[in-house]
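Reader: I'm new to this one and don't know where to look. Pick a single part, show me that up close, and then walk me through whatever leads on from there.

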Amino acid sequence: MAVKNTKLHFSLIASLVTFTAVVIMFALGVWQLQRAQEKTERLLSVKEAESTGQTTLQNLLKKHSDNMLDMPVSMRGKAENLRYFLVDNKIYQGRVGYHVLVPVNTQQGWLLTNFGWVAAMSSRNTLPTVKLHSDLTEYFGMVSIPIKNVMVQETAKLDGDWPKLLQQVDLEIMQQHLQQSLLPFVVLLNQDSESGFERHWQRVVMPPEKHFAYAAQWFLLAIAAVVIFVVAHRKKQPRNTYESR
C-alpha cells in the first residue's frame, strides 16, 4: 500500500512539473508572437518615416517618444568642438579605433551624437586628434538607445581634461563629465564621405521572422513535453494494473 501511495505521489509531482513547464513554454511562445507584432509595427513606423523624409528632432520627441529606436532624424545645432568623448575598442575592417561622441546643442536640449569611427594611433597612450566645427549645422542620422553594461567600470576622471576616453556609452557618466543634462538617446550620423569618419551602422531591431521562429520553437517544445508525458503515463498503466491484481 505504501509503495502504491509513493508511486501516486511521484505521478502527481510529474504531472505538476509537466503542466508548469507546458504553461511556461506556451506563455513564452505567446510573448514571442507579441514581440513579433511590436517589431512589425516598429519597422513599419521606420519605413514610413524614411519614405516621408527625415523626422525633425522636435517631431521625434512629440510623436515617437515611446518608439524612437532606429528612427531617422534631423536636427540643427552647434557641436562641442572641445569637449567630446572617445569610446574605446571599436573595430572597423580589422583595425582598432574609437567612436567619437560629441554633444550637440539643439533647441530641444543637448544631444549626444556619434560622429563615427576613427583609427587609433600607433601608441595607445596617444589619442587621435579630431577636428570638429562648432558652427550651427544641420545633422542627419538614426536614433540609437545605449545599453549600459553594469560589468564595465569607467576610469575617466571628473576633471577638465578633454577628450574623455570611455569604455562604453553611458549617458549618466557622460552627463557628470559635461555637468549638463542630455537627451536620453544617441544619434548615429549618416554616412558622409567628406566627414573624415567611418559610419557603418546597423539597425538593432530583430526581424519579426526571428520572433516567429522562437515562438514556434516554444510551442513545439510544449507539445513535445505533453506527448512525452502521455506516452510515459500509458507505458506505466499496464504495469500498475498488473501489480494491483
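Author: Let's start with a patch on the surface. L220, I223, V227 and V231 form a nonpolar patch there, and together they have about 360 Å² of accessible area. Keep in mind that this is a predicted model, so everything below is about the prediction. One member of the patch, V231, lies in helix α4, which covers residues 208–244. V231 has a relative accessible area of 40%, so it counts as partly exposed.

Now for the opposite case, a residue that is tucked away. K164 lies in strand β7, residues 164–166. Is K164 buried or exposed? Its relative accessibility is 4%, and because buried means under 20%, K164 counts as buried. So what does K164 touch? Leaving out residues up to four places away in sequence, the list is Y84, F85, L86, K157, D159 and H177. L86 is a nice one to pick out: it sits 78 residues from K164 along the chain, yet their C-alpha atoms are separated by 6.1 Å. D159 deserves a look too, as its side chain makes a polar contact with the side chain of K164, at 2.3 Å. The K164 side chain also reaches the backbone oxygen of D161, at 3.0 Å.

Step back by one residue and you meet P163, in the loop between β6 (136–144) and β7. The peptide bond leading from W162 into P163 is cis, with omega near 0°.

Next, the strands. β7 is joined to β3 by 3 bridges, and these two run parallel. If you want to find the pairing on screen, look for V87, whose bridge partner in β7 is L166. β3 itself spans residues 85–92, and it also pairs with β4, residues 95–106: here there are 6 bridges, and the strands run antiparallel. F85, which we met as a contact of K164, stands opposite L101 in β4. Between β3 and β4 there are 2 residues, giving a hairpin, and Q93 in the turn has a positive phi of about 50°.

While you're in β3, have a look at N89. It isn't a glycine, but it has a positive phi of about 60°. With 47% relative accessibility, N89 counts as partly exposed. Another non-glycine residue with a positive phi is Q179, where the value is near 55°. Q179 is in the loop between α3 (171–178) and β8 (186–189), and it is exposed, at a relative accessible area of 73%.

One last stop: L61, which has its place in helix α2, residues 57–63. L61 counts as partly exposed, with a relative accessibility of 28%. Setting aside neighbours within four places in sequence, L61 is in contact with M68, Q108 and F185. There's a long jump along the chain here as well: L61 and L183 are 122 residues apart in sequence, while their C-alpha atoms are separated by 9.8 Å.

If you only rotate to one spot, I'd pick K164: a buried residue in β7, with its side chain in polar contact with that of D159.

Methods
Residues are numbered from 1 along each chain as its sequence is written. This is a predicted model: local features need pLDDT of at least 70, side-chain atom pairs count only at pLDDT 80 or more; totals for chains, interfaces and linings use all residues. Side-chain values use heavy atoms; hydrogens and water are left out. Helices (H or I, at least four residues) and strands (E, at least two) are DSSP runs, numbered from the N terminus. Buried means under 20% relative accessible area, exposed over 50%, partly exposed in between (1.4 Å probe, protein chains only). Contact means heavy atoms within 4.5 Å. A polar contact is a pair of N or O atoms within 3.5 Å; within protein, one must be able to donate a hydrogen and the other to accept it, and residues adjacent in sequence count only if both atoms are side-chain atoms. Two strands pair if DSSP finds at least two bridges between them. Patches are made of residues with over 30% relative accessible area and no salt bridge: like charges are joined within 9 Å, nonpolar side chains (Val, Leu, Ile, Met, Phe, Trp, Tyr) within 5 Å. Accessible areas come from the Shrake-Rupley method with a 1.4 Å probe; for residues, only the protein chains shown count as cover. A salt bridge is a side-chain nitrogen of Lys or Arg within 4 Å of a carboxyl oxygen of Asp or Glu.
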